[in-house]
Every structure is written in C-alpha cells, then in structure tokens.
Amino acid sequence: MKVILLADDPGSAPAVAQWYFDEWCRESGRYSLEQVRQKVDAAASRDTLPMLMLAKDQHQLLGAAELKTYEMERYPEYQYWLGGVYVSEHARGQGVASSLVHEAINRARLAGMKHLYLQTEDLSGGLYAKFGFKKVHQIVDKGDDVIVMKLDI
C-alpha cells in the first residue's frame, strides 16, 4: 500500500466523492453528490490546501483523507484540519486509516503547521488518540455528537 495525492491520480475523484457523499451527506442532505464532487476536485493539490491523499494498493483505491483549513465555523481560530478520513469497507482493519493519518501529520509538519485539528464521532478519540490528538471540545455539530481534537505538531 502507498499513500499518494489525488493530484497524482485525479481519476479517483469520483469514487472518493461517492464515499464521502454516502458516508456524510446522503442522509443529512447537507450536500448533493455534485457539490461533494466539486469539493473533492478542489482538493487535487500538491502544495496548497485543501489537499486530498489516497491510500492505494496497486490500482485499487483503499481510502482517503484530507488536509484543509477552517472546517468548523464555530472555531474560526482553528486553522488547519484533518478530515474526510475514510476507508473502503473491504480494506478496514488493515492499517489504511493509520497510514493516511500518518501521512497527513507528516505533510502538516513539513508545511510548518503548529497545530492540527479534527472532529470525530468516536467520542473515545479512537485512532486519533493513538497519534497524540487530545480532546479539546465535545459538542453537537449538525445533529451529531462529536469531539474536536488537537495535535500539537
């Protein structure tokens, strides 16, 4: 498995957009599939945010994650975010999410980011706690109980 940028494999954008839509938007109606596709396409960058990373094995897409800015309006002081961490059902439990998070942290470090934030519905912090993210808030966001976590880089 390797982690690459969407910018280096733009043909994966429709699959990632479908994952994101199905996971976070279909039931809520928050965004249409086309709107999600536009957001994914906008993250096909090598050196600016948003930047979407892909986990692939040979030619098979396994997962995705994104570095972005200002994810939550209620926290305008939190600039850099990790989001959209998604692993396809057939690849779960194989370390794909860990590889994506590790790559995102490395890219954040190389870009000189001092802090990285995320939100998760896993109120224990799960995988992110293992990487050193600490809970800073527990809130209801868009109807979901989430925690906001921070990593000092």
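## The β6–β7 hairpin and the pairing of β7

In this predicted model, strands β6 and β7 form a hairpin with 2 residues between them, and K142, in the turn, has a positive phi of about 55°. The two strands, of which β6 covers residues 134-141, pair in the antiparallel sense over 7 bridges, and within this pairing Q138 of the chain stands opposite I147 in β7. K142 is not a glycine, although its phi is positive, and its place is the loop between β6 and β7. With a relative accessibility of 53%, K142 counts as exposed, because the limit for that class is over 50%.

Strand β7 (residues 144-152) is also joined to strand β5 (residues 115-120), by 6 bridges and with the strands running antiparallel. One pair of bridge partners here is L116 and L151, the latter lying in β7. β7 is thus described by two pairings, one with β6 and one with β5.

## The β2–β3–β4 strands

A second hairpin is made by β2 and β3, again with 2 residues between the strands, and in this hairpin Q58 takes a positive phi near 60°. The strands β2 and β3 run antiparallel and are joined by 7 bridges; D57 has as its bridge partner Q60, which lies in β3.

Strand β3 is in turn joined to β4 by 6 bridges, and these two strands also run antiparallel, with L67 standing opposite L82 in β4. Of the 10 residues of strand β3 (residues 60-69), 8 are buried, so this strand is largely enclosed by the rest of the structure.

## Backbone features in the loops

The loop between β3 and β4 contains Y70, a residue other than glycine whose phi is nevertheless positive, near 45°. Y70 is partly exposed, its relative accessible area being 45%, which places the residue below the cut-off of over 50% that is needed for the exposed class.

Another backbone feature is found at P50, in the loop between α2 and β2, where the peptide bond from L49 to P50 is cis, with omega near 5°. As a background to these cases, most residues other than glycine have a negative phi, and most peptide bonds are trans.

## Salt bridges

The structure holds 9 salt bridges. In one of them the side chains of D9 and K56 meet, with a distance of 2.5 Å from N to O. D9 lies in the loop between β1 (2-5) and α1 (13-25), whereas K56 lies in strand β2 (residues 51-57), so the pair ties together parts that are 47 residues apart in sequence. Both partners of this salt bridge, D9 and K56, are buried.

Two further salt bridges are found within helices. R37 forms a salt bridge with D41, the closest N and O atoms being 3.0 Å apart, and both residues lie in helix α2 (residues 33-42), 4 residues apart, which is about one turn of the helix. R37 is partly exposed at a relative accessible area of 28%, and D41 is likewise partly exposed, with a value of 37%. In helix α3, R107 and E103 are 4 residues apart and so separated by about one helical turn; their side chains meet in a salt bridge at 2.9 Å, N to O. R107 counts as partly exposed, at 25% relative accessibility. Elsewhere, E66, K68 and E71 are joined into one network by salt bridges that share partners.

## A negative surface patch

Four residues, E23, E89, E121 and D145, form a negative surface patch. Among them, E89 is placed in the loop between β4 (80-87) and α3 (96-110). E89 is exposed, with a relative accessible area of 65%, and this value also satisfies the requirement of over 30% relative accessible area for a residue that belongs to a patch.

How values were computed
Residues numbered from 1 in each chain as written. Predicted model: local features only at pLDDT ≥ 70, side-chain atom pairs only at ≥ 80, totals over all residues. Heavy atoms only, no water. Patch = residues over 30% accessible without salt bridge, like charges linked within 9 Å, V, L, I, M, F, W, Y side chains within 5 Å. Areas by Shrake-Rupley, 256 points an atom, 1.4 Å probe, with all protein chains shown as cover. Lys, Arg positive; Asp, Glu negative; His and termini not counted. Charge placed at Lys NZ, Arg CZ, Asp CG, Glu CD. Buried < 20%, exposed > 50% of the residue type's maximum accessible area, 1.4 Å probe, protein only. Pairing = 2+ DSSP bridges.
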